[in-house]
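Okay, thanks for coming, everyone. I've got one model to walk through today, so let me put it up and then we'll go through it piece by piece.

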Amino acid sequence: MLYSYFVEKSIRESFDHVNKHRWDEAVKALVPHVHHRVSGTHALGGERHDKEAVRRWFERLGRVLPNLHLTVNHIWVKGWPWHTTVFAQWDGTATLLNGDASYVNRGLHVFTLRWGRVYALEEFYDSQAAARGLAAQAATGLEEAVGEPIVG
């Protein structure tokens, strides 16, 4: 279906924006009162309920894991333009500030779209691996890596 093709292309572009730290582009498709939830009890975990808070979250992601690279492996698009669910399975890798290049995480994003706009985004991944990586970043002096989650 042509619609699915364009949705998949848009989702892949959003991951590319994150990889290149283009935060304005990464949040462009979000509605003002988006719901964003990330699993885990750490500096990147928690819930946000507005576009600006999600933008701040992306900015923090870029600071605490500056060379994180997300590779999208699969995208599944289900539904119609007025209510679409998108599943994006990805692998994330990074070299930590202590030189450790072994940070690896694998996850799944679940997007809820209406007419091409993101109303909800939930991220599922190994939150313990994320917490360990953030703790290693904090051990090098990057205190924000173990800060309170961004809410809003």
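**The pocket**

Let's start with open space: the largest pocket holds about 510 Å³. Keep in mind as we go that this is a predicted model.

So which residues sit nearest the centre of that pocket? They're Ser14, Phe15, Val18, Phe58 and His109, out of a lining of 32 residues. By class, that lining splits into 21 nonpolar, seven polar and four charged residues.

If you want to find the walls on the screen, look at helix 1 (2–19), helix 2 (23–27) and helix 3 (51–64), and then strand 4 (83–94), strand 5 (103–114) and strand 6 (117–125). Each of those gives at least two residues to the lining. Helix 1 has the largest share, with seven residues.

**The core**

Now the greasy part. As a rule, nonpolar side chains in soluble globular proteins tend to be buried together. Here the largest nonpolar core has 41 residues. The members touching the most other members are Ile11, Phe15, Leu44, Phe58, Leu61, Val86 and Phe111.

You've heard two of those names already: Phe15 and Phe58 are among the residues nearest the pocket centre, and they're also among those best-connected core members. Leaving out anything up to four places away in sequence, Phe58 touches Val18, Trp23, Ala26 and Val27.

Over in helix 3 there's also Arg55. Is Arg55 buried or exposed? Its relative accessibility is 18%, and the cut-off for buried is under 20%, so Arg55 counts as buried. Again skipping sequence neighbours up to four places away, Arg55 touches Trp23, Asp24 and Val27. Trp23 and Val27 turn up on the contact list of Phe58 too.

**The cavity**

Next, the closed space. There's one cavity of 30 Å³ or more, and its volume is about 50 Å³. Who lines that cavity? Val18, Asn19, His21, Trp23, Leu61, Gly62, Leu65, Leu68 and Leu70. That's six nonpolar, three polar and no charged residues. Helix 1 and helix 3 each put in at least two of the lining residues.

A few familiar faces there. Val18 is one of the residues nearest the centre of the largest pocket, and Val18 also lines the cavity. Leu61, another cavity-lining residue, is on that list of well-connected core members.

**Salt bridges**

On to charges. Side chains of opposite charge can pair when their charged atoms come close. In this model the count is eleven salt bridges, and I'll just pick out some of them.

Arg37 is a good place to stop, with two partners to talk about. One is Glu47, where the closest N and O atoms are 3.6 Å apart. That pair links strand 1 (residues 30–38), where Arg37 sits, to strand 2 (residues 46–48), where Glu47 sits, and the two residues are ten apart. The other partner is Glu122, at 2.9 Å from N to O. That one runs from strand 1 to strand 6, spanning 85 residues.

How exposed are these three? Arg37 is partly exposed at 33% relative accessible area. Glu47 is partly exposed too, at 31%, and Glu122 is partly exposed at 23%.

Then there's Arg63 with Glu144, whose closest N and O atoms are 2.6 Å apart. Arg63 is in helix 3 and Glu144 is in the segment after helix 4 (127–139), so this pair ties together parts that are 81 residues apart in sequence. Arg63 is partly exposed, with 41% relative accessibility, and Glu144 is partly exposed as well, at 22%.

Last one in this section: Asp16, Lys20 and Arg22 are linked in a salt-bridge network.

**Two odd backbone spots**

Before I stop, a couple of backbone oddities. Most residues other than glycine have a negative phi. His21 isn't a glycine, yet its phi is positive, about 60 degrees. You'll find His21 in the loop between helix 1 and helix 2, partly exposed at 30%, and it's one of the cavity-lining residues we just met.

The other spot is Trp115, also not a glycine, with a positive phi of about 50 degrees. Trp115 is in the loop between strand 5 and strand 6. Buried or exposed? With a relative accessible area of 61%, Trp115 is exposed.

That's my tour, so over to you for questions.

Terms used. Residues are numbered from 1 along each chain as its sequence is written. This is a predicted model: local features need pLDDT of at least 70, side-chain atom pairs count only at pLDDT 80 or more; totals for chains, interfaces and linings use all residues. Side-chain values use heavy atoms; hydrogens and water are left out. A nonpolar core is a set of buried Ala, Val, Leu, Ile, Met, Phe, Trp, Tyr and Cys residues joined through side-chain atoms within 4.5 Å. Buried means under 20% relative accessible area, exposed over 50%, partly exposed in between (1.4 Å probe, protein chains only). Contact means heavy atoms within 4.5 Å. On a 1 Å grid over the protein atoms alone, a cavity is a set of points where a 1.4 Å probe fits but cannot get out, and a pocket is an open set with protein on both sides within 12 Å along at least five of seven lines; lining residues have an atom within 4 Å of a point. Grid points are joined across faces, edges and corners, and a volume is the space filled by probe spheres set on the points. Helices (H or I, at least four residues) and strands (E, at least two) are DSSP runs, numbered from the N terminus. Ala, Val, Leu, Ile, Met, Phe, Trp, Tyr, Cys and Pro count as nonpolar, Asp, Glu, Lys and Arg as charged, and the others, Gly among them, as polar. A salt bridge is a side-chain nitrogen of Lys or Arg within 4 Å of a carboxyl oxygen of Asp or Glu.
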